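Colleague: Could you take me through one part of this model closely, residue by residue where that helps, and then set it beside the open spaces in the protein?

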Amino acid sequence: MKSFINVDDISPLDKALAEAMEIKNDRYKYQHLGKNKTLMMIFFNNSLRTRLSTQKAAMNLGMNVIVLDVNAGAWKLETERGVIMDGDKSEHLLEAIPVMGCYCDIIGVRSFAGLTDREYDYAETVLQQFIRYSGRPVFAMETATVHPLQAFADLITIEESWRRPVCSGTSAARPKVVLTWAPHCRALPQAVPNSFAQWMNAAPDVDLVITHPEGYELDPQFVAGARVEYDQRKAFEGADFIYAKNWSNPGVTNPADYGKITCDDRSWTVDTEHMSWTNNGKFMHCLPVRRNLIVTDDVIESENSLVIPEAANREISCSVVLKRMLEAL
(Lines give C-alpha, C1' and ligand atoms only; values in the text may rest on other atoms or scores of the structure.)
Protein backbone atom coordinates (compact mmCIF):
# COMPACT_ATOMS: atom_id res chain seq x y z
CA MET A 1 0.00 0.00 0.00
CA LYS A 2 1.67 3.22 -1.22
CA SER A 3 -0.88 5.67 0.16
CA PHE A 4 -3.79 5.67 2.57
CA ILE A 5 -6.43 8.33 2.07
CA ASN A 6 -9.78 6.67 1.43
CA VAL A 7 -11.51 3.40 2.22
CA ASP A 8 -10.65 1.92 -1.19
CA ASP A 9 -6.97 1.99 -0.24
CA ILE A 10 -7.49 -0.70 2.41
CA SER A 11 -10.43 -2.70 1.08
CA PRO A 12 -11.79 -5.33 1.33
CA LEU A 13 -13.05 -4.24 4.71
CA ASP A 14 -13.68 -7.73 6.07
CA LYS A 15 -9.98 -8.51 5.65
CA ALA A 16 -8.94 -5.17 7.16
CA LEU A 17 -11.18 -5.76 10.17
CA ALA A 18 -9.79 -9.27 10.60
CA GLU A 19 -6.27 -7.80 10.65
CA ALA A 20 -7.39 -5.23 13.20
CA MET A 21 -8.69 -7.94 15.54
CA GLU A 22 -5.51 -9.98 15.06
CA ILE A 23 -3.36 -6.99 15.97
CA LYS A 24 -5.56 -6.13 18.93
CA ASN A 25 -4.94 -9.62 20.30
CA ASP A 26 -1.17 -9.25 19.85
CA ARG A 27 -0.02 -5.67 19.26
CA TYR A 28 3.65 -6.62 18.93
CA LYS A 29 3.27 -9.57 16.56
CA TYR A 30 4.71 -7.68 13.59
CA GLN A 31 7.60 -5.85 15.28
CA HIS A 32 10.03 -7.36 12.80
CA LEU A 33 8.43 -5.38 9.96
CA GLY A 34 9.46 -2.01 11.39
CA LYS A 35 13.00 -2.83 12.48
CA ASN A 36 15.39 -0.11 11.24
CA LYS A 37 12.48 1.69 9.55
CA THR A 38 11.49 5.28 10.36
CA LEU A 39 8.10 6.96 10.40
CA MET A 40 7.99 10.74 10.03
CA MET A 41 4.83 12.39 11.36
CA ILE A 42 4.29 15.91 10.02
CA PHE A 43 1.80 18.15 11.80
CA PHE A 44 0.53 21.39 10.33
CA ASN A 45 -2.21 21.39 12.99
CA ASN A 46 -2.71 20.42 16.63
CA SER A 47 -3.29 16.83 17.65
CA LEU A 48 -3.73 14.62 20.70
CA ARG A 49 -5.21 11.22 19.75
CA THR A 50 -3.67 11.14 16.28
CA ARG A 51 -0.21 12.03 17.56
CA LEU A 52 -0.26 9.56 20.45
CA SER A 53 -2.00 6.67 18.71
CA THR A 54 0.11 6.88 15.54
CA GLN A 55 3.36 7.04 17.46
CA LYS A 56 2.27 4.11 19.65
CA ALA A 57 1.27 2.06 16.61
CA ALA A 58 4.65 2.70 14.97
CA MET A 59 6.50 1.73 18.15
CA ASN A 60 4.43 -1.46 18.42
CA LEU A 61 5.66 -2.33 14.93
CA GLY A 62 9.30 -1.70 15.89
CA MET A 63 9.69 1.60 14.03
CA ASN A 64 11.70 4.68 14.88
CA VAL A 65 9.56 7.83 14.95
CA ILE A 66 10.34 11.45 14.04
CA VAL A 67 7.71 14.09 14.84
CA LEU A 68 7.81 17.47 13.10
CA ASP A 69 5.51 20.30 14.19
CA VAL A 70 5.68 22.61 11.20
CA ASN A 71 4.35 25.61 13.12
CA ALA A 72 6.55 25.12 16.19
CA GLY A 73 10.25 25.14 15.42
CA ALA A 74 10.43 24.62 11.66
CA TRP A 75 10.78 27.30 9.01
CA LYS A 76 7.49 28.77 7.87
CA LEU A 77 6.55 27.01 4.67
CA GLU A 78 5.20 28.38 1.42
CA THR A 79 2.82 25.96 -0.33
CA GLU A 80 2.03 27.76 -3.60
CA ARG A 81 4.15 27.82 -6.77
CA GLY A 82 4.79 31.14 -8.48
CA VAL A 83 4.84 33.13 -5.25
CA ILE A 84 7.57 35.73 -4.71
CA MET A 85 8.84 34.67 -1.31
CA ASP A 86 9.58 38.08 0.15
CA GLY A 87 7.34 37.66 3.21
CA ASP A 88 7.65 35.66 6.43
CA LYS A 89 7.90 32.22 4.75
CA SER A 90 11.51 31.13 4.42
CA GLU A 91 11.21 27.71 2.79
CA HIS A 92 9.06 26.21 0.08
CA LEU A 93 7.23 22.96 0.63
CA LEU A 94 8.57 21.67 -2.70
CA GLU A 95 12.12 21.67 -1.29
CA ALA A 96 11.10 20.69 2.23
CA ILE A 97 9.14 17.60 1.17
CA PRO A 98 11.94 15.72 -0.65
CA VAL A 99 14.31 16.63 2.18
CA MET A 100 11.89 15.08 4.68
CA GLY A 101 11.72 12.00 2.47
CA CYS A 102 15.50 11.57 2.80
CA TYR A 103 15.16 10.91 6.53
CA CYS A 104 12.35 8.36 6.71
CA ASP A 105 10.61 5.38 5.13
CA ILE A 106 6.95 6.35 5.61
CA ILE A 107 5.31 9.76 6.06
CA GLY A 108 2.10 10.68 7.87
CA VAL A 109 0.62 14.13 7.15
CA ARG A 110 -1.89 16.17 9.15
CA SER A 111 -3.07 19.32 7.40
CA PHE A 112 -6.55 20.79 7.96
CA ALA A 113 -8.78 22.67 5.56
CA GLY A 114 -8.34 26.43 5.39
CA LEU A 115 -12.13 26.76 4.89
CA THR A 116 -11.75 29.78 2.61
CA ASP A 117 -11.05 28.18 -0.79
CA ARG A 118 -13.16 25.07 -1.41
CA GLU A 119 -11.40 24.15 -4.63
CA TYR A 120 -7.98 24.30 -2.94
CA ASP A 121 -9.13 22.28 0.07
CA TYR A 122 -10.96 19.59 -1.88
CA ALA A 123 -8.00 19.17 -4.24
CA GLU A 124 -6.01 18.09 -1.15
CA THR A 125 -3.22 20.34 -2.34
CA VAL A 126 -0.80 19.84 0.57
CA LEU A 127 -1.28 16.08 0.87
CA GLN A 128 -0.94 15.54 -2.87
CA GLN A 129 2.38 17.42 -2.86
CA PHE A 130 3.73 14.97 -0.29
CA ILE A 131 2.53 12.02 -2.35
CA ARG A 132 4.10 13.44 -5.50
CA TYR A 133 7.43 14.76 -4.21
CA SER A 134 8.44 12.81 -1.09
CA GLY A 135 9.28 9.52 -2.78
CA ARG A 136 7.78 7.73 0.24
CA PRO A 137 4.49 6.01 1.10
CA VAL A 138 2.15 8.66 2.57
CA PHE A 139 -0.91 8.31 4.79
CA ALA A 140 -3.45 10.86 5.97
CA MET A 141 -3.52 11.79 9.67
CA GLU A 142 -6.51 14.06 8.84
CA THR A 143 -6.44 16.31 5.86
CA ALA A 144 -8.59 19.03 4.36
CA THR A 145 -11.35 16.56 3.44
CA VAL A 146 -10.74 13.17 5.08
CA HIS A 147 -9.76 11.46 8.33
CA PRO A 148 -9.53 7.76 7.36
CA LEU A 149 -7.68 6.58 10.49
CA GLN A 150 -10.60 7.87 12.59
CA ALA A 151 -13.24 6.32 10.32
CA PHE A 152 -11.45 2.96 10.37
CA ALA A 153 -11.30 3.10 14.18
CA ASP A 154 -15.01 3.96 14.23
CA LEU A 155 -15.80 0.92 12.11
CA ILE A 156 -13.70 -1.31 14.39
CA THR A 157 -15.63 0.06 17.38
CA ILE A 158 -19.01 -0.63 15.78
CA GLU A 159 -17.82 -4.11 14.80
CA GLU A 160 -16.90 -4.84 18.42
CA SER A 161 -20.08 -3.32 19.85
CA TRP A 162 -22.61 -4.84 17.45
CA ARG A 163 -23.99 -8.32 18.04
CA ARG A 164 -22.94 -9.59 14.60
CA PRO A 165 -20.04 -8.66 12.28
CA VAL A 166 -20.93 -5.62 10.17
CA CYS A 167 -18.96 -6.97 7.22
CA SER A 168 -20.46 -10.44 7.28
CA GLY A 169 -22.42 -10.02 4.05
CA THR A 170 -25.64 -10.89 5.89
CA SER A 171 -28.34 -8.21 5.66
CA ALA A 172 -30.03 -9.47 8.85
CA ALA A 173 -27.12 -8.03 10.83
CA ARG A 174 -27.57 -4.44 9.69
CA PRO A 175 -27.22 -1.89 12.51
CA LYS A 176 -28.76 1.54 11.98
CA VAL A 177 -25.99 4.12 12.23
CA VAL A 178 -26.85 7.82 12.32
CA LEU A 179 -24.38 10.59 11.56
CA THR A 180 -25.84 13.72 13.10
CA TRP A 181 -24.70 17.31 12.76
CA ALA A 182 -24.46 19.19 16.06
CA PRO A 183 -23.86 22.89 16.81
CA HIS A 184 -20.43 24.38 17.47
CA CYS A 185 -18.98 27.77 18.27
CA ARG A 186 -16.27 27.55 15.59
CA ALA A 187 -16.24 26.69 11.92
CA LEU A 188 -14.94 23.12 11.61
CA PRO A 189 -13.85 21.10 8.53
CA GLN A 190 -15.88 18.30 7.01
CA ALA A 191 -13.06 15.73 7.14
CA VAL A 192 -14.44 13.53 9.93
CA PRO A 193 -18.05 13.35 8.67
CA ASN A 194 -16.81 12.87 5.10
CA SER A 195 -14.73 9.85 6.03
CA PHE A 196 -17.30 8.44 8.44
CA ALA A 197 -19.97 8.54 5.73
CA GLN A 198 -17.62 7.04 3.17
CA TRP A 199 -16.57 4.15 5.41
CA MET A 200 -20.08 3.38 6.64
CA ASN A 201 -21.29 3.33 3.04
CA ALA A 202 -18.51 0.88 2.18
CA ALA A 203 -19.41 -1.49 5.02
CA PRO A 204 -21.94 -3.87 3.43
CA ASP A 205 -24.11 -4.37 6.50
CA VAL A 206 -24.54 -0.83 7.84
CA ASP A 207 -27.75 1.15 7.40
CA LEU A 208 -26.42 4.72 7.32
CA VAL A 209 -28.64 7.76 7.85
CA ILE A 210 -27.26 11.31 7.81
CA THR A 211 -29.15 14.12 9.51
CA HIS A 212 -28.32 17.82 9.42
CA PRO A 213 -29.94 21.21 8.81
CA GLU A 214 -30.84 21.97 5.22
CA GLY A 215 -27.93 23.51 3.37
CA TYR A 216 -25.31 21.42 5.21
CA GLU A 217 -25.21 18.62 2.63
CA LEU A 218 -21.86 16.81 2.48
CA ASP A 219 -20.06 16.33 -0.81
CA PRO A 220 -21.70 13.56 -2.88
CA GLN A 221 -18.33 11.84 -3.45
CA PHE A 222 -18.37 10.87 0.25
CA VAL A 223 -22.07 10.32 1.04
CA ALA A 224 -22.84 8.40 -2.17
CA GLY A 225 -26.35 6.96 -1.82
CA ALA A 226 -26.70 7.38 1.94
CA ARG A 227 -30.15 8.37 3.16
CA VAL A 228 -30.43 11.99 4.33
CA GLU A 229 -33.13 12.91 6.83
CA TYR A 230 -33.51 16.57 7.77
CA ASP A 231 -35.77 15.77 10.73
CA GLN A 232 -33.34 14.77 13.49
CA ARG A 233 -35.97 12.93 15.53
CA LYS A 234 -37.02 10.79 12.59
CA ALA A 235 -33.37 10.01 11.88
CA PHE A 236 -32.72 8.92 15.49
CA GLU A 237 -35.74 6.63 15.73
CA GLY A 238 -34.60 3.03 16.14
CA ALA A 239 -30.91 3.92 15.78
CA ASP A 240 -28.28 1.57 17.20
CA PHE A 241 -25.39 4.05 16.96
CA ILE A 242 -25.40 7.86 17.07
CA TYR A 243 -22.29 9.55 15.73
CA ALA A 244 -22.38 13.27 16.55
CA LYS A 245 -20.11 15.73 14.78
CA ASN A 246 -20.19 19.35 13.79
CA TRP A 247 -19.09 20.54 10.37
CA SER A 248 -19.16 23.97 8.80
CA ASN A 249 -21.16 24.57 5.65
CA PRO A 250 -19.66 22.35 2.90
CA GLY A 251 -20.74 24.78 0.16
CA VAL A 252 -22.35 22.05 -1.92
CA THR A 253 -25.66 23.81 -2.42
CA ASN A 254 -24.21 27.33 -2.19
CA PRO A 255 -20.45 27.64 -2.80
CA ALA A 256 -20.41 31.12 -1.24
CA ASP A 257 -21.29 29.54 2.13
CA TYR A 258 -18.27 27.23 2.16
CA GLY A 259 -16.59 27.10 5.58
CA LYS A 260 -19.17 29.34 7.22
CA ILE A 261 -21.49 28.74 10.17
CA THR A 262 -24.91 29.19 8.60
CA CYS A 263 -26.82 27.43 11.38
CA ASP A 264 -26.44 27.58 15.16
CA ASP A 265 -29.54 25.69 16.24
CA ARG A 266 -28.84 24.39 19.77
CA SER A 267 -31.79 22.02 19.57
CA TRP A 268 -29.47 19.68 17.64
CA THR A 269 -27.30 19.12 20.75
CA VAL A 270 -27.47 15.42 21.63
CA ASP A 271 -29.04 14.98 25.08
CA THR A 272 -30.91 12.23 26.95
CA GLU A 273 -34.16 13.06 25.17
CA HIS A 274 -32.47 12.62 21.80
CA MET A 275 -31.00 9.28 22.87
CA SER A 276 -34.42 8.13 24.14
CA TRP A 277 -35.58 8.13 20.52
CA THR A 278 -33.01 5.44 19.67
CA ASN A 279 -32.90 1.66 20.09
CA ASN A 280 -30.84 1.98 23.30
CA GLY A 281 -28.28 3.51 20.97
CA LYS A 282 -24.56 3.86 21.59
CA PHE A 283 -23.09 7.37 21.46
CA MET A 284 -19.97 8.05 19.39
CA HIS A 285 -17.73 11.06 18.78
CA CYS A 286 -14.17 11.39 17.49
CA LEU A 287 -13.06 13.80 20.27
CA PRO A 288 -12.20 16.44 21.30
CA VAL A 289 -15.79 17.38 22.05
CA ARG A 290 -17.39 20.58 23.32
CA ARG A 291 -19.56 19.35 26.16
CA ASN A 292 -23.10 20.67 26.39
CA LEU A 293 -22.75 22.04 22.87
CA ILE A 294 -22.24 18.87 20.84
CA VAL A 295 -23.41 16.50 23.58
CA THR A 296 -24.54 16.83 27.18
CA ASP A 297 -22.53 15.55 30.14
CA ASP A 298 -24.99 12.79 31.00
CA VAL A 299 -24.90 11.30 27.49
CA ILE A 300 -21.13 11.29 27.03
CA GLU A 301 -20.66 9.90 30.54
CA SER A 302 -23.32 7.21 30.18
CA GLU A 303 -22.64 3.49 29.90
CA ASN A 304 -23.69 3.73 26.24
CA SER A 305 -20.88 6.15 25.39
CA LEU A 306 -18.18 4.64 23.17
CA VAL A 307 -15.89 7.66 22.91
CA ILE A 308 -13.03 6.08 24.90
CA PRO A 309 -13.08 2.71 23.08
CA GLU A 310 -13.13 4.69 19.82
CA ALA A 311 -10.03 6.61 20.86
CA ALA A 312 -8.29 3.39 21.94
CA ASN A 313 -9.01 1.84 18.55
CA ARG A 314 -7.09 4.62 16.84
CA GLU A 315 -3.93 2.71 17.78
CA ILE A 316 -5.34 -0.39 16.11
CA SER A 317 -6.50 1.26 12.89
CA CYS A 318 -3.12 2.92 12.44
CA SER A 319 -1.31 -0.35 13.19
CA VAL A 320 -3.11 -2.04 10.30
CA VAL A 321 -2.26 0.81 7.92
CA LEU A 322 1.42 0.93 8.91
CA LYS A 323 1.68 -2.87 8.75
CA ARG A 324 0.45 -2.86 5.17
CA MET A 325 2.78 -0.05 4.19
CA LEU A 326 5.77 -1.79 5.76
CA GLU A 327 4.89 -5.03 3.96
CA ALA A 328 4.95 -3.13 0.66
CA LEU A 329 8.37 -1.53 1.16
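Modeller: In this predicted model, T145 sits in the loop that runs between strand 7 (138-140) and helix 6 (148-161). T145 has a relative accessible area of 4%, and because the cut-off for buried is under 20%, T145 counts as buried. Leaving aside residues up to four places away in sequence, the residues that T145 touches are D121, Y122, E124, Q190, A191, N194 and F222. With one of these, E124, the contact is also polar, side chain to side chain, at 2.5 Å.

K24 offers a second position to examine, and it is found in helix 1, residues 13-25. Its relative accessible area is 26%, and since partly exposed covers the range between the 20% and 50% limits, K24 is described as partly exposed. Beyond residues up to four places away in sequence, K24 touches E160, N313 and I316, and its side chain makes a polar contact with the side chain of E160 at 2.7 Å. As for V7, it lies 17 residues from K24 in sequence, while the C-alpha to C-alpha separation in space is 20 Å.

Turning to the open spaces, the largest pocket holds about 700 Å³. Its lining is made of 31 residues, and those nearest its centre are R110, F112, E142, L188 and P288. Helix 2 (49-60) and helix 7 (191-202) each supply at least two residues of that lining, with helix 7 providing the largest share, 3 residues. By residue class, the lining of the largest pocket comprises 15 nonpolar, 9 polar and 7 charged residues.

The second largest pocket contains about 510 Å³ of space, and 28 residues line it, with F44, T79, S111, Y120 and V126 lying nearest its centre. The elements that give two or more residues to this lining are helix 4 (118-122) and helix 5 (125-133), and helix 5 gives the most, with 3 residues. In the lining of the second largest pocket there are 14 nonpolar, 9 polar and 5 charged residues.

To return to the loop where we began, the picture at T145 is of a buried residue whose side chain is in polar contact with that of E124, whereas K24 in helix 1 is partly exposed and has its polar side-chain contact with E160.

Key: Residues numbered from 1 in each chain as written. Predicted model: local features only at pLDDT ≥ 70, side-chain atom pairs only at ≥ 80, totals over all residues. Heavy atoms only, no water. Helix = DSSP H or I, 4+ residues; strand = E, 2+ residues; numbered from the N terminus. Buried < 20%, exposed > 50% of the residue type's maximum accessible area, 1.4 Å probe, protein only. Contact = heavy atoms within 4.5 Å. Polar contact = N/O pair within 3.5 Å; in protein donor to acceptor, adjacent residues only side chain to side chain. 1 Å grid on protein atoms, 1.4 Å probe; cavity = no way out; pocket = protein on both sides within 12 Å on 5 of 7 lines; lining within 4 Å. Points joined across faces, edges and corners; volume = space filled by probe spheres on them. Nonpolar A, V, L, I, M, F, W, Y, C, P; charged D, E, K, R; others polar.
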